[in-house]
Structure formats: C-alpha cells, structure tokens
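Work through the exercises below with the sequence and the model open. Each task is followed by a solution in steps.

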Amino acid sequence: MSPLTWAVAAVVTDGSGRLLLCRRSEGARRWGLPGGRLRHDESPPDAAVRAVRAETGWAVELVDLVGLYRVTDPDTSPPPAGRCGGRPDVLVHVFRAAPAGVEPLSEPVAGCLVQWWPAEGLPGALTPTTRAAVADALAGRSGVLRRTAADGSTAEPADGPSTPPGQRASRPVDSTKR
C-alpha cells in the first residue's frame with residue numbers, strides 16, 4: 001500500500017469567465033488545473049495559493065472550496081477502513097479562485113504552458129479531475145466529494161448532481177393534503 005498523497009488545485013476564473021489551465025510540456029497531452037502537492041507544514045488554502053502562483057505566476061484569491069477529489073486506480077479494490085489504496089491514491093482539495101491582479105506576478109514554472117480558456121471552449125484533453133472539478137465549479141457546487149479514476153471515469157458527487165451540500169433535495173409540497 002502506498003501513502004495517500006495530498007494535493008491542491010484551483011479553478012481560477014477571470015472577470016470574463018475564462019479559466020486558467022496549464023499543461024506540462026514533458027510529453028503531457030492533457031490540460032489540468034494549476035496546483036501542486038501539499039507540504040507538511042501548510043494548510044490546503046495556503047498550499048493552493050502558493051502552488052498556483054509557483055506554477056503559473058498568477059497570485060490568486062480563494063473564494064471557496066469546490067470539493068475534495070480522490071484519484072484512484074479503477075482496477076484496484078477499495079482499501080480496508082483506515083488504510084490508503086494502491087497508486088495512484090491522491091486526495092485533491094480543489095478551490096474556486098480569482099486572479100488577485102490583472103497581470104501575473106512572475107513567469108510560469110519552466111516547462112508549464114499556461115493559457116486562459118473560455119468556459120464554452122475548453123480543450124478536449126483534460127485530466128479527469130480537472131473535467132469533474134470544472135463541471136462542479138461552473139455549476140456552482142461547493143463541498144463536493146467525488147472519486148475520479150486515472151482512466152477518466154468519475155463517480156457522481158456524494159450529495160447528487162444538483163443538491164447543494166448540507167441540503168436535502170426538496171420535494172414538491174401537495175397543498176391539497178391538509
């Protein structure tokens with residue numbers, strides 16, 4: 001069994017609704033959310049701000065938590081309670097964020113292609129976690145718990161696709177029954 005890797009990412013949108021994505025030039029074909037690994041001495045929000053700036057050059061302000069996304073291998077059976085699964089076993093805290101300025105503060109990390117994309121024109125080659133998190137963020141969801149697989153499959157959020165966290169799906173009230 002491998003240890004759980006903690007990571008952070010952000011769905012960064014500007015005033016016109018474009019999303020900031022990055023792609024590693026190391027042969028990666030898919031675009032992903034900016035982010036990185038969580039250091040042992042920092043909180044997920046602090047790590048997200050640091051990692052986005054380090055990777056893209058953009059300073060960001062976090063708005064809220066979109067959700068927690070666990071990336072697993074779909075061919076591996078679930079681990080026993082209290083244990084981590086096999087590789088990959090990554091828990092990603094995904095935040096909603098906005099740029100803190102109109103220009104990046106520095107250059108992106110070497111080997112990272114950074115680009116703003118319109119929400120209706122995202123590239124087809126997105127990582128599974130990026131695809132799920134962007135869909136959740138654009139739908140206005142917060143507090144989502146979702147499992148994504150390295151092969152691209154995803155599970156619905158634990159609270160269903162449209163019920164806000166902490167709320168039950170409402171049922172129509174029949175006013176004739178009193």
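Buried means under 20% relative accessible area, exposed means over 50%, and partly exposed is in between, with a 1.4 Å probe and protein chains only. The model is predicted, so local features need pLDDT of at least 70 and side-chain atom pairs count only at pLDDT 80 or more, while totals for chains, interfaces and linings use all residues. Residues are numbered from 1 along each chain as its sequence is written, and side-chain values use heavy atoms, with hydrogens and water left out.

**Exercise 1. Describe the protein chain as a whole.**

Step 1. Of the 178 residues of the protein chain, 37% are buried.

Step 2. Assign the secondary structure from DSSP runs, numbered from the N terminus: helices are H or I with at least four residues, strands are E with at least two. The protein chain then has 2 helices and 7 strands, in the order β-β-β-α-β-β-β-α-β.

Step 3. Take a contact as heavy atoms within 4.5 Å. Among the contacts in the protein chain with a separation of 6 or more, 71% are between residues 24 or more positions apart.

**Exercise 2. Find the largest nonpolar core and the elements that supply it.**

Step 1. A nonpolar core is a set of buried Ala, Val, Leu, Ile, Met, Phe, Trp, Tyr and Cys residues joined through side-chain atoms within 4.5 Å.

Step 2. The largest such core has 20 residues, and those touching the most other members are V11, L21, L33, Y69, V92, V94 and A133. At least two core residues come from each of β1 (5–12), β2 (19–24), β4 (60–72), β5 (90–99) and α2 (128–138). The largest share, 4 residues, is that of α2.

Step 3. Leaving out residues up to four places away in sequence, V94 touches A9, V11, L33, L65, V66, G67, Y69 and A133.

Step 4. A second, separate core has 8 residues, including A10, W58, A97 and W116.

**Exercise 3. Place strand β1 in its surroundings.**

Step 1. Count burial: 6 of the 8 residues of β1 are buried, so the strand is largely enclosed by the rest of the structure.

Step 2. Two strands pair if DSSP finds at least two bridges between them. β1 pairs with β5 in the parallel sense over 8 bridges, and V11 stands opposite R96 in β5.

Step 3. β1 and β3 run antiparallel and are joined by 3 bridges. Here A9 has G35 in β3 as its bridge partner.

**Exercise 4. Which aromatic rings have centres 5.2 Å or 5.4 Å apart?**

Step 1. Rings of Phe, Tyr and Trp (its six-membered ring) pair if their centres lie within 6.5 Å; planes under 30 degrees apart are stacked, over 60 edge-to-face, and the rest tilted. This rule gives 2 aromatic pairs.

Step 2. The centres of the W31 and W117 rings are 5.2 Å apart and the planes are at 75°, so this pair is edge-to-face. W31 is in the loop between β2 and β3 (35–37) and W117 is in strand β6 (residues 112–117), 86 residues apart. Both W31 and W117 are buried.

Step 3. For W58 and W116 the centres are 5.4 Å apart and the planes are at 90°, so this pair too is edge-to-face. W58 is in the loop between α1 (44–56) and β4, and W116 is in strand β6, so the pair ties together parts 58 residues apart in sequence. W58 is buried at 10% relative accessibility, and W116 is buried at 17%.

**Exercise 5. Count the salt bridges and examine the partners of D14, R96 and D136.**

Step 1. A salt bridge is a side-chain nitrogen of Lys or Arg within 4 Å of a carboxyl oxygen of Asp or Glu. The count is 6.

Step 2. D14 meets R18 at 2.7 Å, N to O. D14 is buried at 16% relative accessible area, whereas R18 is partly exposed at 34%.

Step 3. R96 meets D64 at 2.8 Å, N to O. R96 belongs to strand β5 and D64 to strand β4, so this bridge ties together parts 32 residues apart in sequence. R96 is buried at 15% and D64 is partly exposed at 26%.

Step 4. D136 meets R141 at 2.7 Å, N to O. D136 is buried at 0% relative accessible area, and R141 is partly exposed at 21%. Salt bridges with shared partners join D136, R141 and R146 into one network.
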